[in-house]
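Thanks for asking me to look through this one with you. Here is a short set of notes to read with the structure open beside you.

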Amino acid sequence: MKILMKIVLVICLMWIVMPVSGQSQARFPKPEFDTGYVQPDPSTPEPRALAMDYFDVFVLILVLSLATYFAIRRRSRGGILLLSVFTLIYFGFFRNGCICSIGAIQNVALTLFDPNYSISLVALLFFIIPLLFTLFFGRTFCAGACPLGAIQDLLIFKPISIPVWLRKGLGLIPFLYLGLAVLFAATGTDFIICRWDPYVGIFRMDARFIMIVLGVAMLLIGLFVARPYCRFLCPYGVLLNWTSRFSKYHMAITPSSCINCKLCETSCPFDAIDIPQEQAPASARQSDLKKFLVYLLIIPLLMGAGAFIGYKSHVFLSKAHSDVYLAELLIKHPEVKNDIDNLDVQAFLSAGETLDTLVKKAGVIRAKFKTGSWILGAFMGLVIGVSLLAQTTHRKNDDYRPDKGNCYSCGRCMDYCPVEK
Amino acid sequence: MGKDGHSRRDFIQTSVRASLFIAIGGLGALGASRATASHTVWQIDPFKCTQCGRCATECVMAESAVKCIHAYDICGYCDLCGGYLKPDANDRATGGENQLCPTAAISRNFIEEPYFEYVIDEALCIGCAKCVKGCTAFGNGSFHLQIRHDRCLDCNECAIARVCPSEAISRISIKKPYLIKGKFEVIPSVEPPKSSSKK
Ligand code: SF4
Ligand code: SF4
Ligand code: SF4
Ligand code: SF4
């Protein structure tokens, strides 16, 4: 025991005395073995081949094309169902839900704002291709090619209809989520979409407890509130919604022309069917016009208020970045330097970086947050304003038809239409 | 609304669609000009790692993709191994109470007087870095952590990289997926110039 202590002591002394500069020297030279012992090499198992990544892009295009064909040409709900099972198995369980188009938003954002980051071509393609498809054919990506959409769609049990005001209100969340995700990705803070993806733990069948709880909770909610993530969270859905509104060949409920039989009225689990509307009477149109003008004037106010709130919250938001957090901690509580359990502080101290450089780095990041936050706030103001504005325009509509922005092209409603081709 | 209304709406639709098409295409082109066809993977730079222990707990998987590996090339084959034995170990023996590794993942094999070989059983290792800390502090630093690519899911953003206090984890080229300690003078140049550390 005592001998051991001595040896340790000697080693410690040697260690202090010995030059470790540049770590270019081993403290204990490698021995020469007499017995002919051959030292093994550390194994280095290969990462997944790049070719497989491009295969994923190929599968994505294939599935998107098939989903589009089933939704628009074949008008087959069964085909779309099969595709979503395939997507769930392949992109979900086999590929572990990564990379996905939703998360790729962050890679694109980081590319735009960080000159040192180079996006992988695969991530870029996953981001672009579904948007292009949606621009022409509607959200067939959501119907059949998105693993998150698939797992939710397959687990719809008894969908309840959600009142419009609630739907519109909750529908603002994805905009905020998108804005925050871009802000955090662009400042190199965090990829929140990936971190809080509720289903990815289920795809991997392995995650931290909290994420499993979140995933199961979302699936249970999804039994009654159809596609809760798609409708009230998905940030990529915002982009798909915008593009889908202008899609050229969006699927229709009826194969020829609507006879207003009302059979499909309640068929959509996502309340995404526009029902026929009479032209509003002149008096109503008058008051609508008034409202419209009022809201139009309010928009700049909303944007200003949003920008103000955003500006006010930038200090708080920027704390999500580890450098800012650490700099602030060290300035406000210099005594943490003595806390040996604070890993971040200890690592910082042992790295030999000065507090000045850290504060400078943190300052740069906070400045980025300042700009980003007020823009995000103004953007949210605009979004709220425009959605108010949309309440006042009632367009005359003779048919039952999918609301192009919110329809996932899942094809359920088509089976309710009695009209033959 | 008559036919005029329809054609006006069609016109708006078409022009917005065209602008969106250009916008998406522009974004794609901009991205493509900055894209790399060669994928990146996450890896730990063993020279930056300060053995904080988060690698064991922060990986998205319950069993971390990070494992300790042994760079035999720089190992001193010490009898008194700072990575194997607890500093207050009673004696230089293989008894569990003497071992630093909480899962007894390291085996100590006698080679010849006075040298011992230390082998890590990857299946048992949890990547806690206790041995790395010991070996780096008292030995040659031949134990070090690595993200094992047969286990790693290659997350879009590595959950450990986000919280690594030493910013030791970054994206590196898939062509050289490991930063292995060993030939000291070679290793630092392995890092590709365009690798992006997160921060
Ligand atoms: S295809 Fe029909 S049922 Fe499906 S989301 Fe669109 S409107 Fe709703
Ligand atoms: S989190 Fe970073 S410093 Fe901590 S053990 Fe892992 S690589 Fe090392
Ligand atoms: S001490 Fe930790 S890192 Fe080292 S071999 Fe054991 S489990 Fe792995
Ligand atoms: S990339 Fe993901 S799976 Fe790999 S080590 Fe990091 S957190 Fe774990």
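The points below go through the domains, the contacts between parts, the ligand surroundings and some local details.

1. Before anything else, please keep in mind that this is a predicted model. The values below are computed from that model.

2. Let's begin with how chain A is divided. Its domain assignment gives domain 1, made of 2-24 + 54-274 + 401-416, and domain 2, which covers 284-387. You will notice that domain 1 of chain A is written as three stretches of sequence, while domain 2 of chain A is written as one. The C-alpha centres of these two domains lie 26 Å apart.

3. How do the two domains of chain A touch? Eleven residues of domain 1 of chain A and 13 residues of domain 2 of chain A take part in the contact. Together the two domains bury about 1100 Å², with 86% of that area on carbon and sulfur atoms. On the side of domain 1 of chain A, A:L172, A:L183 and A:T187 are worth finding on your screen: they supply 41% of the area that this domain buries against domain 2 of chain A, more than any other three residues.

4. What about charged and polar pairs at that same boundary? Between domain 1 of chain A and domain 2 of chain A there are zero salt bridges. The count of residue pairs in polar contact, both at pLDDT 80 or more, is zero as well. Helix α9(A) gives the largest share of the domain 1 side, six residues. By class, that side of domain 1 of chain A has seven nonpolar, four polar and no charged residues.

5. Chain B is also split in two: domain 1 is 1-38 and domain 2 is 43-173. Measuring tools in your viewer will help you picture this one, as the C-alpha centres of domain 1 of chain B and domain 2 of chain B are separated by 53 Å.

6. Now for the interface between the chains. Chain B brings 80 residues to the contact and chain A brings 86 residues. The buried area between chain B and chain A is about 6800 Å², and carbon and sulfur atoms give 59% of it. Which residues of chain B lose the most area to chain A? They are B:R17, B:R34 and B:N156, which together make up 10% of what the chain B side buries.

7. The interface between the chains has polar pairs too. There are 26 residue pairs in polar contact between chain B and chain A, counting pairs with both residues at pLDDT 80 or more. Several elements of chain B give two or more residues to this side, among them α1 (3-34), β3 (106-112) and α4 (159-163). The largest share, 13 residues, comes from α1(B). Sorted by class, the chain B side has 40 nonpolar, 18 polar and 22 charged residues.

8. A search of the whole structure finds 23 salt bridges over all chains. Between chain B and chain A the count is three. One to look at is A:D190 with B:R162, where the closest N and O atoms are 3.7 Å apart.

9. Next, the ligands. Around ligand 1 there are 13 residues, and A:C268, A:C407, A:C410, A:G411 and A:C413 come nearest. That shell has ten nonpolar, two polar and one charged residue. The shell of ligand 2 includes B:C49, B:C52, B:C55 and B:C164, and its residues divide into seven nonpolar, four polar and one charged. Ligand 4 is surrounded by residues including B:C59, B:C152, B:C155 and B:C158. How do the residues around ligand 4 divide by class? There are eleven nonpolar, no polar and no charged.

10. Finally, two backbone details. Most residues other than glycine have a negative phi, and most peptide bonds are trans. With that in mind, look at the cis peptide bond joining B:E113 and B:P114, where omega is about -5 degrees. B:P114 lies in the loop between β3 and β4 of chain B. In chain A, A:D271 has a positive phi, near 50 degrees, and is not a glycine. A:D271 sits in the loop between α14 (235-245) and β1 (273-274) of chain A.

Methods
Residues are numbered from 1 along each chain as its sequence is written. Chains are lettered from A and ligands numbered from 1 in the order in which they are written. This is a predicted model: local features need pLDDT of at least 70, side-chain atom pairs count only at pLDDT 80 or more; totals for chains, interfaces and linings use all residues. Side-chain values use heavy atoms; hydrogens and water are left out. A residue is near a molecule or strand if one of its heavy atoms lies within 4 Å of it. Ala, Val, Leu, Ile, Met, Phe, Trp, Tyr, Cys and Pro count as nonpolar, Asp, Glu, Lys and Arg as charged, and the others, Gly among them, as polar. Domain bounds come from an automatic or database domain assignment. Contact means heavy atoms within 4.5 Å. Buried area is the accessible area (1.4 Å probe) that two parts lose on being put together, summed over both. A salt bridge is a side-chain nitrogen of Lys or Arg within 4 Å of a carboxyl oxygen of Asp or Glu. A polar contact is a pair of N or O atoms within 3.5 Å; within protein, one must be able to donate a hydrogen and the other to accept it, and residues adjacent in sequence count only if both atoms are side-chain atoms. Helices (H or I, at least four residues) and strands (E, at least two) are DSSP runs, numbered from the N terminus.
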